[in-house]
Amino acid sequence: MSGRGTSTATSRSAAEYRIEDLAHASGATVRTIRAYQDRGLLPTPERRGRANVYGDTHLARLRQIADLLDRGYTLASIKELLEAWDAGRGLGGVLGLVAEVHGPWTDEQADRISRDELNRRFGGTQDDQAVAEAVELGVLEPIPGRPEEFLVPSPQELAVAVELHGAGVPLTAISSHLRELRGQVEHIASRFLEFTTEHVFARYLGHRPPTDADAAEAAELVRRLRPLAQQTVDAELARAMRTFATRHLQHHLGADTPLDSAPAVGEPRPVLLPPDTIGAVQRLVGPQNVAAFVAAAAEREVQARILDALTTSHAESRQVDQIG
C-alpha cells in the first residue's frame, strides 16, 4: 500500500496511510503515534487484515496535537480539548483564544543579522562568549544551516545592547543586567496575569474547555487588554526613572536642594568637601568653628584673586603706555 495510494478496485477520494507513511507525513514517530493511540488522543484506525489503515482525520489530529504542544499545552489538557471536540462542543472558540494568546504581543518585527555585522556593531572584534550568552538569553537565535547568520527576535533589545556597549558597558555586565531585568519583568507579567485572571477571566474558567461563546468573548478581552500591561509599565518606568535619576544626580553632585529649583542669587549653596579636609579643619579650629573658618578662607581666596587681577591689569596698562 502506498502512502497516499488508491485502491486497485475503485478510486478513493480520501488518502490512506500505513503507520510509517502517517509518521512521515505528520513529522511524528511511529512510536509517538502508537503512544497517542494508547492514550486516546487519536481515533481508532481501520483494521484491514493484519494492518491498521489511517486517514486524513488522523493526520489532521496529529498536526493539531503538535501545534498545541508547541504552545505549551500538556497531553492531558490536549486530551480534554479533543474530547470536547469529539463530543460536538466545538473547538473553534478555544483555538481562537489559543491563537490570540500566542499571537504577537508587540508590533516589533524580527530581523536577521550576519556575524560580520554583529562584530562590527560591537567594536569590530569577535567575541564568541558574548555571542553564546546572547543565544542563551534569546537575544540571538541560530538559523539552521546558516552558521554565520542569526535571527534577532527583538532588534530594539539588540540596539540597546549596542548603545550600552558603545557607552563603555562591558558585554558581560550587559548580559548580567538583562538576566536580572528579565526576572523582574517576568514577575510583573505574572502578577498582571494573576490580577486580570482574578478580576476578568475567572468567569470563563468554569468549563474545561470553555464553551465556544465564552472562549470567543475571552479572546476579544485579550485583544483589548493586551496593550494595557505594556502601557502601565511604560508609564511607571518613566515615573520611576525620573525620580531615581534625579536622586542619583543629586547624590553625585552633592546637592541637597532639588535640581529643578536652583537657588536665587545671593542665597547660600551647599558645597561638598572631602572628609580629610573637614577633619583637618576640625583639628585646627575645633568642630564648632569649621563653617566660619571655611567661609573666611574662601573669602580670603576670593579677595586675593581680585587683588591679583587688579595688579595684573595695572601692569598690562603700564606696558601699553610705554609702547605707545
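**Helices, cores and a small set of paired strands**

The protein chain has 12 helices and 6 strands. The model is predicted. Of the 324 residues in the chain, 25% are buried. The chain exposes about 22600 Å². Carbon and sulfur atoms supply 55% of that area. Contacts were also sorted by distance along the sequence. Among contacts with a separation of 6 or more, 54% join residues 24 or more positions apart.

The largest nonpolar core has 18 residues. Leu22 and Ile33 have the most contacts inside this core. Four helices each supply at least two of its residues: helix 1 (19-26), helix 2 (30-38), helix 3 (56-70) and helix 4 (75-86). Helix 3 gives the largest share, with 4 residues. A second core lies apart from the largest one. This other core has 15 residues, including Val131, Ala134, Ala161 and Leu178.

Which residues does Leu22 touch, once its neighbours within four places in sequence are left aside? Leu22 is then in contact with Tyr17, Ile33, Tyr54, His58, Leu59 and Leu62. One of these partners, Ile33, is the other residue named with Leu22 as having the most contacts inside the core.

Leu22 and Ile33 also take part in the packing of helix 1 against helix 2. The axes of these two helices come within 9 Å. They cross at roughly 105°. An angle of 65 to 115 degrees counts as roughly perpendicular, so helix 1 is roughly perpendicular to helix 2. On the side of helix 1, the contact is made by Ile19, Glu20, Leu22, Ala23 and Ser26. Helix 2 contributes Val30, Ile33 and Arg34.

The next element is a sheet. Three strands form an open sheet in the order 4-6-5. Their pairing is antiparallel. Which strands lie at the edges? Strand 4 (111-114) and strand 5 (141-143) do, and each pairs on one side only. From one strand to the next, the twist averages 40°. Strand 5 and strand 6 (residues 146-152) run antiparallel and are joined by 3 bridges. Glu141 has Leu151 of strand 6 as its bridge partner.

In outline, the model shows a core of 18 residues, to which helices 1, 2, 3 and 4 each give at least two residues. Apart from that core lies another, of 15 residues. An open antiparallel sheet of 3 strands completes the description.

Technical notes
Residues are numbered from 1 along each chain as its sequence is written. This is a predicted model: local features need pLDDT of at least 70, side-chain atom pairs count only at pLDDT 80 or more; totals for chains, interfaces and linings use all residues. Side-chain values use heavy atoms; hydrogens and water are left out. A nonpolar core is a set of buried Ala, Val, Leu, Ile, Met, Phe, Trp, Tyr and Cys residues joined through side-chain atoms within 4.5 Å. Buried means under 20% relative accessible area, exposed over 50%, partly exposed in between (1.4 Å probe, protein chains only). Contact means heavy atoms within 4.5 Å. Accessible areas come from the Shrake-Rupley method with a 1.4 Å probe; for residues, only the protein chains shown count as cover. Two strands pair if DSSP finds at least two bridges between them. Axes are lines fitted to C-alpha atoms, for helices over the stretch in contact, and angles run from 0 to 180 degrees between N-to-C directions. Angles under 35 degrees count as roughly parallel, over 145 as roughly antiparallel, 65 to 115 as roughly perpendicular and the rest as oblique.
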